[in-house]
There are 2 protein chains.
Amino acid sequence: MANTSRAFIALGDPTRQLILERLAKRPLPVGKIAAGLPVSRPAVSQHLKILRAAGLVSQAQHGTRRVYRIDPRGIDAMRTYLDRFWDRALAALKVAAEQESDS
Amino acid sequence: MANTSRAFIALGDPTRQLILERLAKRPLPVGKIAAGLPVSRPAVSQHLKILRAAGLVSQAQHGTRRVYRIDPRGIDAMRTYLDRFWDRALAALKVAAEQESDS
DNA sequence: GATAATGGTAAGTTACCACTTACGGTAAGT
DNA sequence: ACTTACCGTAAGTGGTAACTTACCATTATC
């Protein structure tokens, strides 16, 4: 499974989107992330595991605390994928429009 | 449910990704999309419905044919979302790095 | 060293998703 | 008109995702 696929799946879940929104403001330990979210702390741990596999967050262990933060590389990979897609799609649509006017 | 959420969910599925890859080359009717894909034609129809709800493809009816094509607006909405996210995340990481060096 | 704090993992449940086959509906061709 | 081509939808099924509670491991604190 390509990692971009994992990233898109990860961003599709509303809870994970909330987690990323919070981490986009500042790095946070798991407990702080879970506080304020509508799900339990273990659920957050499971989401973080998915986000980590998708390359969207990274971890730093300080004592018993695990501080999570956004991993910019994961975000950038998605942006690159969409940009390439964008270019190809626009080019194809342009060709299609020209062909239609050929009639 | 926000439409960007729908778009990310849509891009998370590998079959839908394949469909979009094909449509990025040129607009196609449903049958042509399904040919070459590892799933049945009705499955493709269901995926197209999801892609349409996400604003990623549009439809044009010619006789009994439904020709689908990429809708650039949906792609662009995702790009915009990621760009905003990217900016905020980078700013937050910069602040965090400065705070760490303050110790 | 006992206790508390922090967080990852296991097991189980519920809900949803992707897929199939079967069917219906509309437009084109003969 | 009959048949064919094209495609959407309904119903049913198997698998997986998200969540909960319960438990365990590790590190700080007293």
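Two strands are taken to pair if DSSP finds at least two bridges between them. In the predicted model described here, this criterion is met in chain A by β1(A) and β3(A), which are joined by 2 bridges and run antiparallel. Within this pair, P29(A) stands opposite V67(A) of β3(A). Helix α2 of chain A, residues 14-25, packs on the sheet and touches β1, β2 and β3 of chain A. The direction of this helix makes about 90° with that of β3(A).

The sheet as a whole is open and consists of 3 strands of chain A in the order β1-β3-β2, with antiparallel pairing. Strands β1 (28-29) and β2 (57-62) of chain A stand at the edges; each has a single partner strand, so one side of each is left without a neighbour in the sheet. Strands of a sheet pair through backbone hydrogen bonds, in either a parallel or an antiparallel manner.

Chain A contains 5 helices and 3 strands in total. Read from the N terminus, its elements follow the order α-α-β-α-α-β-β-α. The radius of gyration of chain A is 19 Å, whereas a compact globule of 103 residues would have a value near 13 Å. Along the principal axes, the C-alpha atoms of the chain fill a box of roughly 70 × 25 × 25 Å. Of the 103 residues in chain A, 28% are buried. Among contacts in chain A with a separation of 6 or more, 54% are accounted for by residues 24 or more positions apart.

The interface between the protein chains was examined next. In this interface, 27 residues of chain B are in contact with 27 residues of chain A. On the side of chain B that touches chain A, at least two residues are supplied by each of α1 (3-12), α2 (14-25), β3 (65-70) and α5 (72-101) of chain B. The largest share, 14 residues, comes from α5(B). By class, this side of chain B comprises 18 nonpolar, 3 polar and 6 charged residues.

DNA strand C is surrounded by 21 residues, of which the closest are P29(A), G31(A), P42(A), S40(B) and G63(B). Two or more residues of the surface near DNA strand C are given by each of α3 (30-34), α4 (41-53) and β3 (65-70) of chain A, and by α4 (41-53) of chain B. The largest share of this surface, 5 residues, comes from α4(A). The residues of the surface near DNA strand C divide into 7 nonpolar, 10 polar and 4 charged. P29(A) thus appears in two settings, as the residue opposite V67(A) and as one of the closest residues to DNA strand C.

Notes
Residues numbered from 1 in each chain as written. Chains lettered and ligands numbered in written order. Predicted model: local features only at pLDDT ≥ 70, side-chain atom pairs only at ≥ 80, totals over all residues. Near = placed C-beta within 6 Å. Helix = DSSP H or I, 4+ residues; strand = E, 2+ residues; numbered from the N terminus. Nonpolar A, V, L, I, M, F, W, Y, C, P; charged D, E, K, R; others polar. Contact = placed C-beta atoms within 7 Å. Rg over C-alpha atoms; globule rule 2.2 N^0.38 Å. Buried ≥ 20, exposed ≤ 12 C-beta atoms within 10 Å, placed from the backbone. Axes fitted to C-alpha atoms, helices over the stretch in contact; angles between N-to-C directions.
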